[in-house]
Amino acid sequence: MRFVLRRAGFFLLTLWAAVTLNFFLPRMMPGNPAIAMMAKFHGRLTGQSLIALETIFGVNTHESLLAQYWHYLCDIATGNFGTSLFFFPSPVSQVVRSALFWTLGLVGLTTIVAFLLGTGVGIVAAWRRGGLLDGIAPPVLVITSAIPYFWIGMMFIMIFGLKLRWLPWSGGTDITAVPGWNPAYIGNVLEHAILPGMALLITTIGTWTLTMRNNMVTILAEDYVRMARAKGLPARRIMLDYAARNAILPNLTGFAMSLGFVVGGAILIEYVFNYPGVGYMLLQAVQNEDYPLMQALFLLITVAVLVAILLADIATAIFDPRTRTAR
Amino acid sequence: MSNPQLPDPVLEVSGLSLSDPPVPGPVLEVSGLSVEYVLDRGSVRAVDDVSFTVSRGEFLGIVGESGCGKSTLLFGVAQLLAPPARICGGTVRFQGKNLVGLTDKQLSAIRWRDVSVVMQSAMNALNPVTSIGKQFKDAMQAHGVRNGDEIAARSAEVLRMVGIDPVHLRSYPHQLSGGMRQRSMIAMAMLFTPDLIIMDEPTSALDVVAQRAMMVQIKELQQTYGFAVIFVTHDMSLISHFSDRLMVMYAGQVGELGSTRKIFDRPRHPYTRGLLEAFPSIRGPRVPLKGIPGNPPDLARLPTGCRFHPRCPLAVERCMHVTPGLYQMDETLVRCLRLADGDTSQRTDEHRSLTP
Amino acid sequence: MAATTVTTQPGRASAGHAARRFWRAVRRNRKATAGAVLLVLFCLIALFPGVLAHDDPTAQIYPRNLGPSAAHLFGTSGLGNDLFAQAVWGTRQVLIIALGAGLAATTIAAVIGVTAAYLGGTWDGALNLLTDVLLVIPLFPLLIVIAAYVQNSGTLVLIAVLTLTGWSYTARQLRSQALTLRRRDFLEAARVRGERPLYIIVVEILPTMISLLLAAFLTNALYAVLFASSLQYIGLGDPNATSWGTMLYWAQNNEALQAGYYLQAIVPGACIALLGAAFALLNYAFDEIGNPALRPVRKIRSKHVQSATS
């Protein structure tokens, strides 16, 4: 229990760090981006958004830095992320919500599948040392993990979308599709999710598989695995209860760490496929210089990663009895 | 009936005897066993043509320096080798049946029921993420015991046999002390009261007092339940008090094999003598200690002829060119050319015997 | 991201002896050789681009969107650049970023990781916390946010940004290994001799960690290549620079894929993938060299087959 509390504390600390970064970054930039921005938006901004912009860059306010910081923290705590500049006058929170659904579906599901599949393949590859899987998997996966995420996406578009014309490769659904809980719409959604999903799967599965395999190989040399053999336990039992269970533990925390990279990949994949998720929206916000939206999305992504890490930590605490008595 | 030549106070108190003759009929027959490690630069034989038998209820000790191949031999006998190690020759007959070449599946029938294993470090040999009880249960379920009550009862029983409170069935390995862990491993090995228990240096990780206690415990259990024991160790003095027969290994081969008593009274192989001379006696006259000069050979680059000749005080020209076989002298097997020649220039004045 | 498990057990080998052993290991391991060859190839291309490509990569004088031909090996871009020249000359910027950010990030990681391990106590705790926090904040979004504020990041800015965000991952690994070294005898000897902590860190600890430092460098270089290209691709780099990432940016802008000008996207992507693969292969190979258990196992064919489970 104490373990979990400590991790929750860390979680809050990191959240605070992210929020603070959000606050200080625009103020730290060399030159005066605020002025440049004003000039750019000149004439196109109403009083409200101008004020919002000034608040972000800390220009023309009569408050001290500390006061601004305090106000900012209060705003965040109450869920007030400001108004979007591009989607004016919608509040940021509303804009974000629409994208959240798409990302959770695509990225969330794909990541879970990649993790389970990758871990499974890693376990089997290590178990049959010297077999076919063990021979081809590591070098192939090492190479695939070095390929930039977006490039695989582009290749997919080229091959499956354009050349073969099997699957759609842009957007969350067809533009003409009518939203609703009916098979036609859902089918359309799934169809559009296949290519980006596969691209994401291929790029992220490599890390899980390789770390799991390497961990398993090390664990298989341990005495307690030999002991399990000596006891005459069936092979599957040894592989799962003795080897995999111990091998996966370091992988869980590794899983959490890698989530940061998965997020990065997801952003690029969404961009390549014009998939209307959180990542796509972030990039749009950047290109539109919609800073309030950008900041909110950054926080959202950070929170998501932190929550996942916390869940992984809880899982570790449940499955590894040694952590319960640690320090 | 305790042996008057061995006034070991601990043993006397527990009333154990060392010279009860074991029941005839071998439980294990190892014949010409060889194990090699297949490496990039070629294979290396860690165990070379080793043969010995173990009778019912007998306690066989295997001693040697680190790297002599004794652990590899043990794993070879138990069919627990993993690549790059593999058996490249010989047979291992357990109750008549050859185990070499059988798959894990085929072996599972006799594993643990008839032959069990105790390893060196319980911390490493026990699954760190499952409780002791669960690990006992695993073994029993693998051999057809399904009834939960039976399992619980037997688990508690074996723990009590080694002096551990059955409440610890719920504990995880890291929650027990070193000695308790080690003993729970022995308890686990006793689950089916097998005919043979193979032990790989189970006392090496313990302090001297705990070592002694554990050895006594093992001996007690052996006397009560009648199983045979193969005990591998580098500690000559410890094993001498408990084993019926002794096998001294050197560089992957059998150096000397015979009854413990005979070997201690009259060690024949120069290596064995060297080992015995290295141990001081608490009560005897003060004798200058002698180690054995040099290091054990690199198994990939063995000396020609006798493997021990570079370090042997009795070595002559012949020893460099002729490879000695095992020669029988009285009832002991010895791998030494000098002794086979009937060479009696052994230095009898420096004999070590068990009488202090 | 290279998958690594920290298992190296360093000894105090002399530099020359270690270097020779290292070289032999590289030659024997196929992955290492492949990776090394690729890397050397790219370095040569970066050093002597004029030898291979005769056109000026920035010259937008050719007819647009041509396919491959004798005059233009990879065709031309949507703005009239020769793709081959762009790819060849672009190697320079990518390598500079990779090696620069790799080196800088590894240096910071080494300093922080080893110092934390060496000093221990509250210093260790504080530095650790800093590392962990930075580690957990998702890197790519952070990069995007920073780059968004900076606008039009050139080479130097990219290196700086990548370094500042990327050192935390390898700092952790280096700290773990430094921790195992802390109590070793030769360090105690140095302490007893009265050497100052800085001396001990630089002269005694770091050389024994060479293999891990190398692995960290490769990891950071790979990360730099991928992320720098990604940033340029989405338009946060300097679009007028000659680099593989910017080539992709223009290809995207040009809607090259939709229009069927595949090479405009394939070429830069393949280059990035190859260079990335070079780093990844070397990294993985060093893993194997350090931990022999991971090396490929030859299946033993004989009647006495013994595998993990027979």
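These legends walk through close-up views of a predicted model.

**View 1. Chain A is built from helices.** Count up the secondary structure of chain A and you get 13 helices and zero strands. Reading from the N terminus, then, the pattern is just α repeated: α-α-α-α-α-α-α-α-α-α-α-α-α. How much of chain A counts as buried? The figure is 47% of its 327 residues. Now look at contacts in chain A with a separation of 6 or more: 74% of them involve residues 24 or more positions apart.

**View 2. Helix α8 of chain A has a bend in it.** This helix covers residues 183–220 of chain A. If you drew a straight helix of 38 residues at 1.5 Å a residue, it would span 56 Å. What does α8(A) span between its end C-alpha atoms? Only 47 Å. Zoom in on A:I194 and you'll find a bend of about 35 degrees in α8(A). Keep going along the chain and a proline, A:P196, turns up within four residues.

**View 3. Chain C is another chain of helices.** Chain C has 13 helices and zero strands. Follow its sequence and the pattern reads α-α-α-α-α-α-α-α-α-α-α-α-α. Of its 310 residues, 47% count as buried. As for contacts in chain C with a separation of 6 or more, 72% come from residues 24 or more positions apart.

**View 4. Here chain A meets chain C.** On this contact, 57 residues belong to chain A and 47 residues to chain C. Several helices of chain A supply at least two residues each to the side that touches chain C, including α1 (2–28), α6 (132–144), α7 (149–163) and α12 (291–319). The bent helix from View 2, α8(A), is on that list too. Which helix gives the most to this side of chain A? That's α10(A), with ten residues. Sort the side of chain A that touches chain C by class and you get 42 nonpolar, 14 polar and one charged residues.

**View 5. Chain B touches chain A as well.** This contact takes 23 residues from chain B and 20 residues from chain A. On the chain B side, the elements giving two or more residues are α3 (104–107), α4 (122–125) and α5 (132–142). It's α5(B) that gives the most, with three residues. By class, the side of chain B that touches chain A comes to 14 nonpolar, six polar and three charged residues.

**View 6. Chain B holds an open sheet of eight strands.** Walk across the sheet and the strand order is β6-β7-β8-β3-β9-β10-β12-β11, with mixed pairing. Why do β6 (115–118) and β11 (327–329) of chain B each have one side without a neighbour in the sheet? They stand at the edges with a single partner strand each, so there's no neighbour on the other side. From one strand to the next, the twist averages 20 degrees.

**View 7. Let's zoom in on β7 and β8 of chain B, and the helix across them.** Strand β7 (residues 196–200) and strand β8 (residues 228–233) of chain B run parallel, and five bridges join them. For one pair facing each other, find B:I198, which stands opposite B:I230 in β8(B). Helix α2 (residues 70–77) of chain B lies across β7 and β8, and also across β3 (59–63) and β9 (245–250). Compared with β7(B), this helix runs at about 150 degrees.

Conventions
Residues numbered from 1 in each chain as written. Chains lettered and ligands numbered in written order. Predicted model: local features only at pLDDT ≥ 70, side-chain atom pairs only at ≥ 80, totals over all residues. Contact = placed C-beta atoms within 7 Å. Nonpolar A, V, L, I, M, F, W, Y, C, P; charged D, E, K, R; others polar. Pairing = 2+ DSSP bridges. Axes fitted to C-alpha atoms, helices over the stretch in contact; angles between N-to-C directions. Expected span 1.5 Å × (residues − 1). Bend = angle between axes of the 7 residues up to and from the residue. Buried ≥ 20, exposed ≤ 12 C-beta atoms within 10 Å, placed from the backbone.
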